Amino acid sequence: MKLFLDTADIDEIREMNRWGVLSGVTTNPTLVHKERMDPEAVWKEILTEVDGDVSLETTEPQADPMYEQGVSLAQLGPNAVVKVPMTPDGLEAGKRLVKDGIRINVTLVFSPAQAILAAEIGAYIVSPFLGRLDDVAADGMYALRQICEIYDVQSYDTNVLAASLRHPMHVVEAALAGADIATMPYEGFVK
Ligand code: E4P
């Protein structure tokens, strides 16, 4: 299982790179906003620093502008992966991006049924949000185990990225479940 950092902080990325265990980065609009810099400058710096996939999230809610934004994000670097939300517009824009040969990460996934939709549009990555499920008294790890099992049984190529992880035990359990990638904030790795 690959380890990703969920951050837009270049110092955190450099520090984890130093350990030799960083395989990629996930960003989201909140994390990029925290850096108080032009988002494009933040993304470009991360794409250059990381030897692996970097997920950059679309913010347009409608399919057409989301698709256009996705095309622009993909052009920022060969290791860019475009995040689209698990919404009807996200699926439509995502499928068009996939047809263009752009790798997408379907984010904000909260159930195995949604994970099946992501795989069916040819997503490169699906991101179930474990911590957010736990926040509403659902079992995030159980959903992840089901998604991994379904993908295995159905031989889907989509990579399962365990997201919204909050502590090291989440990473251990995601590895046991068979996730391809686990992403966590820097604080989780230095606990
Ligand atoms: C992953 O791609 C997301 O950025 C991240 O895991 C979001 O989780 P959180 O909003 O619960 O921190």
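I150 sits in helix α8, which covers residues 140-154. Helices here are DSSP runs of H or I with at least four residues, strands are runs of E with at least two, and both are numbered from the N terminus. With a relative accessible area of 24%, I150 is partly exposed. That label goes to anything between buried (under 20% relative accessible area) and exposed (over 50%), using a 1.4 Å probe and protein chains only. Leaving aside neighbours within four places in sequence, I150 is in contact with P112, I116 and Y156, where contact means heavy atoms within 4.5 Å. L97 is 53 residues away from I150 in sequence, and their C-alpha atoms are 24 Å apart.

A quick word on what you're looking at: this is a predicted model, in which local features need pLDDT of at least 70, side-chain atom pairs count only at pLDDT 80 or more, and totals for chains, interfaces and linings use all residues. Residues are numbered from 1 along each chain as its sequence is written, and side-chain values use heavy atoms, with hydrogens and water left out.

**The whole chain**

The protein chain has 10 helices and eight strands. Its C-alpha trace spans about 40 × 40 × 30 Å along the principal axes. The radius of gyration is 15 Å, which agrees with the value near 16 Å for a compact globule of 191 residues. That radius is taken over C-alpha atoms, and the globule rule is 2.2 Å times the number of residues to the power 0.38. Of the 191 residues, 51% are buried. Looking at contacts with a separation of 6 or more, 56% are between residues 24 or more positions apart. About 9100 Å² of the chain is exposed, and carbon and sulfur atoms supply 51% of that area. Accessible areas come from the Shrake-Rupley method with a 1.4 Å probe, and for residues only the protein chains shown count as cover.

**Around β4 and β5**

K83 belongs to strand β4 (residues 80-85). Is K83 buried or exposed? It counts as buried, because its relative accessible area is 5%. Not counting residues up to four places away in sequence, K83 touches T27, N28, S55, L56, E57, T58, N105 and T107. E57 lies 26 residues from K83 along the chain, yet their C-alpha atoms are separated by 4.3 Å.

T107 is part of strand β5. Its relative accessibility is 1%, so T107 is buried too. Beyond four places in sequence, the contacts of T107 include E57, K83, V84 and F129.

L108 is also found in β5. It has a positive phi, near 60°, without being a glycine, and at 33% relative accessibility it is partly exposed. Most residues other than glycine have a negative phi. R36 goes the other way as well, with a phi of about 50°. You'll find R36 in the loop between α2 and α3 (39-49), where its 71% relative accessibility makes it exposed.

**Two buried loop residues**

I121 lies in the loop between α6 (112-120) and β6 (125-128). At 12% relative accessibility, I121 is buried. Setting aside neighbours within four places, I121 is in contact with L91, G94, K95, V98, I104 and V106. G77, in the loop between α4 (63-74) and β4, is likewise buried at 12% relative accessibility.

Here are some C-alpha separations for these loop residues:

| Pair | Apart in sequence | Apart in space |
|---|---|---|
| I121 and G178 | 57 residues | 22 Å |
| G77 and E92 | 15 residues | 23 Å |

**The largest pocket**

How much space lies in the largest pocket? About 540 Å³. A pocket is an open set of points on a 1 Å grid over the protein atoms alone, where a 1.4 Å probe fits, with protein on both sides within 12 Å along at least five of seven lines; lining residues have an atom within 4 Å of a point. Grid points are joined across faces, edges and corners, and the volume is the space filled by probe spheres set on the points.

The largest pocket is lined by 28 residues, and D6, N28, T30, L31 and R132 are the closest to its centre. Two elements, α2 (29-34) and β5 (104-109), give two or more residues to the lining. The top contributor is α2, with four residues. By class, the lining has nine nonpolar, nine polar and 10 charged residues. Nonpolar covers Ala, Val, Leu, Ile, Met, Phe, Trp, Tyr, Cys and Pro, charged covers Asp, Glu, Lys and Arg, and the others, Gly among them, count as polar.
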